Amino acid sequence: MQEENPLEFNNRIPLDELKSSVEAIRGELAKVIIGQEDFIKFLIVGLLTDGHVLIEGVPGIAKTMTSKLFAKSIHTGFSRIQFTPDLMPSDVLGTSVLKTDNSDFEFKKGPIFSNIVLIDEINRSPAKTQAALFEVMEEKQITMDGVEYKMPPPFMVIATQNPIDQEGTYALPEAQLDRFLFKLKIDYPNLEEEVKILKSHHLRKSKSPMDELKAVMDVETLLKFRDQIHDIIVEDKIFDYVAEIVLQTRSHPHLILGGSPRASLSILKAAKAFAAIQGRDFVTPEDVKSSLKPVLNHRIILSPEKEMEGTTPEQVIDLIQNTIEIPR
């Protein structure tokens, strides 16, 4: 009798449509974006888990372009806000204006009222403007003059920042960093990808990259996928694994600040989405490991000594991960 393949499994949750839709988004972006597969994968996971994404990278590596094209692949609203040192909270949220006909005030919504919002150079604006994002990123609403304005789902903030040019920038407060599901650090393309970028640009001639993409997922389908991800199966040993990793960050000698319970929840949500986009209805330790660095790298703070030595948050995350037994 032929032995059964231990890798085969039957899903209890129908994930074929979710997996094919994710591949469709990747296929659309691949028409324009060369490389950046991990970047795109994490954007998709952020969208599926109702999370926000912070992107850090030097200028010219298509952070903004990829984000705009990603938003276009979803049939939903999109807006872009360029943060500058003189930007005021009202420029983001909106403001009340006096109506001349009846002398009443009317709230004019700002550009934050959209579905996918791209904030370019988020660290260019001072703390007052950055703080305007606290409520909307966490509670998906804005309170203005005592009135609550709910954001229509989906609502996702994709923010970019430049790690090199620090003149005229303001460090993001920890409370705001904690509201981002992921912080993605994007690097230069390799030689092969650079050649493909040059050839693609040459062949495109005067065509706009935005004209080459079409929307492949609507809001109703996205919300259905989010419900399916909530139902992904998680065994007790996975809960223990996530909790132990985050607990270690709070007592590690290389760190002065560890992950919060929100970090644990973010790892779990991301791991469930990683499982779903691979067509599995259960979480494995590998799904958790895929989530650790982008979830934790902006939530932990190195000790001054380790920072001076050039240690990175990712290196400490690796150290912690290697000390914890992987559940079987």
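This report covers aromatic pairs, charges over rings, helix packing and two buried loop residues in a predicted model.

## Aromatic pairs

The model holds 5 aromatic pairs. One of them joins F42 and F274, whose ring centres are 5.5 Å apart and whose planes stand at 90°, an edge-to-face arrangement. This pair links distant parts of the chain: F42 belongs to helix α2 (residues 37–48) and F274 to helix α11 (residues 261–277), with the two positions 232 residues apart. F42 has a relative accessibility of 11% and F274 one of 3%; because the limit for a buried residue is under 20%, both partners count as buried. F42 and F274 also belong to one aromatic cluster together with F182.

A further pair is made by F107 and F113. Their ring centres lie 6.0 Å apart with the planes at 70°, and since an angle over 60 degrees counts as edge-to-face, the pair is placed in that class. F107 is buried at 14% relative accessibility, and F113 is buried at 17%.

## Charges over rings

Two rings have a charged side chain over them. K41 lies over the face of F42, 5.6 Å from the ring centre. F42 therefore has K41 over its face while its ring also pairs edge-to-face with that of F274, and F42 is buried.

In the other case, the charged end of R179 sits over the ring of F134, at 4.9 Å from the ring centre.

## Packing of α11 and α12

Helix α11, which carries F274, packs against helix α12 (residues 285–296) with the axes 8 Å apart and at an angle of about 135°. An angle of about 135° falls neither over 145, as roughly antiparallel would require, nor within 65 to 115, so the two helices are oblique to each other. The crossing of α11 past α12 is right-handed.

On the α11 side, the contact is made by A263, S266, I267, A270, A271, F274 and A275. On the α12 side, it is made by D287, V288, S290, S291, L292, V295 and L296. F274 thus takes part in this helix contact as well as in the aromatic pair with F42.

## Packing of α1 and α2

Helix α1 (residues 16–30) packs against α2 at an angle of about 135°, with 11 Å between the axes. At that angle α1 is oblique to α2, and α1 passes α2 in a right-handed crossing.

The contact brings L18, V22, I25, R26 and L29 of α1 against I40, K41, I44 and L48 of α2. K41 is therefore part of this helix contact and is also the residue lying over the face of F42.

## Two buried loop residues

N297 is in the loop between α12 and β13 (301–302). N297 is buried, with a relative accessible area of 7%. Leaving out neighbours within four places in sequence, N297 is in contact with K183, K185, L292, P313, E314 and I317. Of these, L292 also belongs to the α12 side of the contact with α11. The C-alpha atoms of N297 and P313 are 5.4 Å apart, although the two residues are separated by 16 positions along the chain.

H252 is in the loop between α10 (236–251) and β12 (255–257). H252 counts as buried at 14% relative accessibility. When residues up to four places away in sequence are not counted, H252 touches V316 and I320.

Key
Residues are numbered from 1 along each chain as its sequence is written. This is a predicted model: local features need pLDDT of at least 70, side-chain atom pairs count only at pLDDT 80 or more; totals for chains, interfaces and linings use all residues. Side-chain values use heavy atoms; hydrogens and water are left out. Rings of Phe, Tyr and Trp (its six-membered ring) pair if their centres lie within 6.5 Å; planes under 30 degrees apart count as stacked, over 60 as edge-to-face and the rest as tilted. Helices (H or I, at least four residues) and strands (E, at least two) are DSSP runs, numbered from the N terminus. Buried means under 20% relative accessible area, exposed over 50%, partly exposed in between (1.4 Å probe, protein chains only). A charge sits over a ring if NZ of Lys or CZ of Arg is within 6 Å of the ring centre and within 35 degrees of the ring normal. Axes are lines fitted to C-alpha atoms, for helices over the stretch in contact, and angles run from 0 to 180 degrees between N-to-C directions. Angles under 35 degrees count as roughly parallel, over 145 as roughly antiparallel, 65 to 115 as roughly perpendicular and the rest as oblique. A crossing is left-handed if the near helix is turned anticlockwise from the far one by less than a right angle, and right-handed if clockwise. Contact means heavy atoms within 4.5 Å.
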